[in-house]
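This report goes through one complex, chain by chain. Look over the sequence and the 3D view before reading on.

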Amino acid sequence: MTTTTNPGANPTTTPTGADRPAVLDRQLSTHVSLRDTVAQTMTLAWRSTMKMRRNFEQLFDVTIQPLLFTAMFAYIFGGAISGSVKGYLPLIITGLIGQTVLTACVATGVQLREDMDKGVFDRFKVLPIARIAPLAGPMVADLIRYAIASTLTFATGIALGYRPGGGVLGVLGAILLAIVAGWSLAWIFTWFGTIGKTAQGVQGVSLMVMFPLTFLSNAFVPTATMPSWLRAFADVNPVSLVITAIRDLANDGAVTGHVGWALLGCAVVIAVFAPLSVRSFNRKM
Amino acid sequence: MNSTDTLAVRAQGLVKTFGDQRAVDGIDLEVHRGEVFGVLGPNGAGKTTMLKMLATLLPIDGGTAEVFGHDVSREGHVVRQLLGVTGQYASVDENLTATENLLLFGRLQGLSRGESRRRAGTLLEQFDLTEAAAKPISAFSGGMRRRLDLAASLITRPPLIFLDEPTTGLDPRTRGQMWDTIRELVTEGCTVLLTTQYLDEADQLADRIAVIDRGVKVAQGTSDELKSSVGRSSLVLHLADPADLQAATETARRLVGEEPVPSPESRRLAVPLERSDQAVDVLVALREQGVGIESLTVQKPSLDEVFMALTGHGTDPSDPSGTSGTSGTSGTASSTTSTTTSELEAAS
């Protein structure tokens, strides 16, 4: 709370006999400072983590799904694509990290929509808080989800016999990149969340976007096997960029130019979808 | 400037349109500091819409509104710092416990961790929720939710509280508790603006009342002023013989100078009284006429009658405070009050 308010008339700071301390003591501010915005965002992030703790099924997509999908994909496609399950693991584990994180992003948007329909959102609207905080808070909390998703995928892979060549540091770097990518790509689905009318609608649209993004990438197969027009898309798909970078980090332990491209791809997604989301969210706040 | 100094809320010509419907159609409102101001009206009268505009929740389509002198449209952030709002539906987080909810709202509004905790403890105690403090909200009854909701609005001790139908859907006992709580707020120095569709609630709580119907303010004044605008009280007679009704009506009309309301089916006659001793005149005259009376009561007009008279039955919407009133009178005001219908006509 920084400035005192309202240069013109300042009735709230003029003591008169009838005034009660409730009005007088108040330091009114005309805007929310950056520090307060961050504090409010963190408070709302805390709220989201409490919600996760109480509704464990909300974490299924980042807990059960990585276990199931990793095993399934490895055993089903391993032989066909790489000749053996073990040979496929370096390709599929890193690809699946992209896929699980993207699934977790879908939930970010859907849950935002659900949240906005709830009564508590009405209260957020009348509180003197940064208008962006109720959007930013859950997004910060979702970092935990991306971390769980990528860590579990790696763990399942290692249990199946995957030995990442990048070592501990490489894997940690890859997880970190996955979290950053998750947060960035989540803006796409957050935007859907802010424009959709219902949570189901948001879910539907999100899946329609998520599946092409995942499958038209290098997540499951090398793009070299695709027809050229498809490869053209798959190669610039931000999901491909991120997965390539994750592979470099986890399998080779190398911070390559691909990492830079991945971060650039993420930045582009943020630059496009964050302003869109904030604008349509503010219209509803 | 002086006038705004003393006002908690000041609205002039407030308008809200939804499509071609004017939900709020030019309402003026002045709420003084430290009072409980009641906005009374049937469902769909525009009460909630008006409150939402004043609370920065809905854009104002026409007119101006100020809260403690701050323009609601231009200084929303400042206005929100001065307000506590409790809506018709509990707006607390279902996933958190009562304590966590209060902590959340305290922290969001810049209270320190310790301060939030202390304030939460005090409020839970004040609202009789200490035992349920650690329970999830989903296990709460309607009354408990509503109390928690109000507590959440009070965490930063805002000087102005908006209560949108604070007791709708509550059982009579919980309702009484809520009323006590609201009265306490005022002794602590809060200004309260509440909407209600319950006439007795406005009567019980509000220092001044505005009656709203179809987006228009039809009357304003204290509960007593509104009642006297309809007639101070009435003498209700149950006649022994329905055949006397006609004669008794004429006698009463001659004596009090106003139109009595006969209800032939119940052998009843309601006589509006300007002064209480007119009752004696009427009774003496009827005795001389030989009209047998089975029972009698003198009734003060209830706000129900005022309400019906002002909104429901083509009466002239008199306005004791002198503010303008438009007649919103074509006969459909919802009726919680079928029993008093006959008396209402006394007012017309």
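Which pattern does chain A follow when read along the sequence? Chain A follows the pattern α-α-α-α-α-α-α-α-α-α-α. In counts, chain A has eleven helices and zero strands. Its C-alpha trace spans about 85 × 35 × 35 Å along the principal axes.

The model is predicted, and the predictor gives the complex an ipTM of 0.81 and a pTM of 0.77.

**The two chains in numbers**

Chain B comes to 13 helices and 14 strands. The table sets out some values for each chain.

| Item | Chain A | Chain B |
|---|---|---|
| Residues | 285 residues | 348 residues |
| Buried residues | 45% of the residues | 51% of the residues |
| Contacts at a separation of 6 or more that join residues 24 or more apart | 76% of these contacts | 69% of these contacts |

**Domains of chain B**

The domain assignment divides chain B into domain 1 (2–226) and domain 2 (232–299). Taken over C-alpha atoms, the centres of domain 1 of chain B and domain 2 of chain B are 44 Å apart.

**Nonpolar cores**

In soluble globular proteins, nonpolar side chains tend to be buried together. The largest nonpolar core here has 146 residues, and the members that touch the most other members are Leu177(A), Ala178(A), Ile246(A), Leu54(B) and Val67(B). Helix 4 (residues 85–116) of chain A gives the largest share of this core, 16 residues.

Which residues does Leu54(B) touch, leaving aside those up to four places away in sequence? They are Val9(B), Ala11(B), Ala65(B), Val67(B), Val72(B) and Phe162(B). Val67(B) thus appears among the contacts of Leu54(B) and also in the list of core members with the most contacts to other members.

A second, separate core has 14 residues, including Leu237(B), Val256(B), Leu273(B) and Val282(B).

**Confidence in chain B**

The mean pLDDT of chain B is 82, and 86% of the residues score at least 70. Among the elements of chain B, helix 4 (residues 98–108) of chain B has the highest mean pLDDT, 95, and helix 13 (residues 341–347) of chain B the lowest, 34. Over residues 313–348 of chain B the pLDDT is below 50. This stretch still has 76 contacts in the model beyond near neighbours in sequence. Where pLDDT is low, the predicted coordinates should not be read in detail.

Notes: Residues are numbered from 1 along each chain as its sequence is written. Chains are lettered from A and ligands numbered from 1 in the order in which they are written. This is a predicted model: local features need pLDDT of at least 70, side-chain atom pairs count only at pLDDT 80 or more; totals for chains, interfaces and linings use all residues. pLDDT is the predictor's confidence in each residue, from 0 to 100. Helices (H or I, at least four residues) and strands (E, at least two) are DSSP runs, numbered from the N terminus. Two residues are in contact if their C-beta atoms, placed from the backbone, lie within 7 Å. A residue is buried if 20 or more other C-beta atoms lie within 10 Å of its own, exposed if 12 or fewer, and partly exposed in between; C-beta atoms are placed from the backbone. Domain bounds come from an automatic or database domain assignment. A nonpolar core is a set of buried Ala, Val, Leu, Ile, Met, Phe, Trp, Tyr and Cys residues joined through C-beta atoms within 7 Å.
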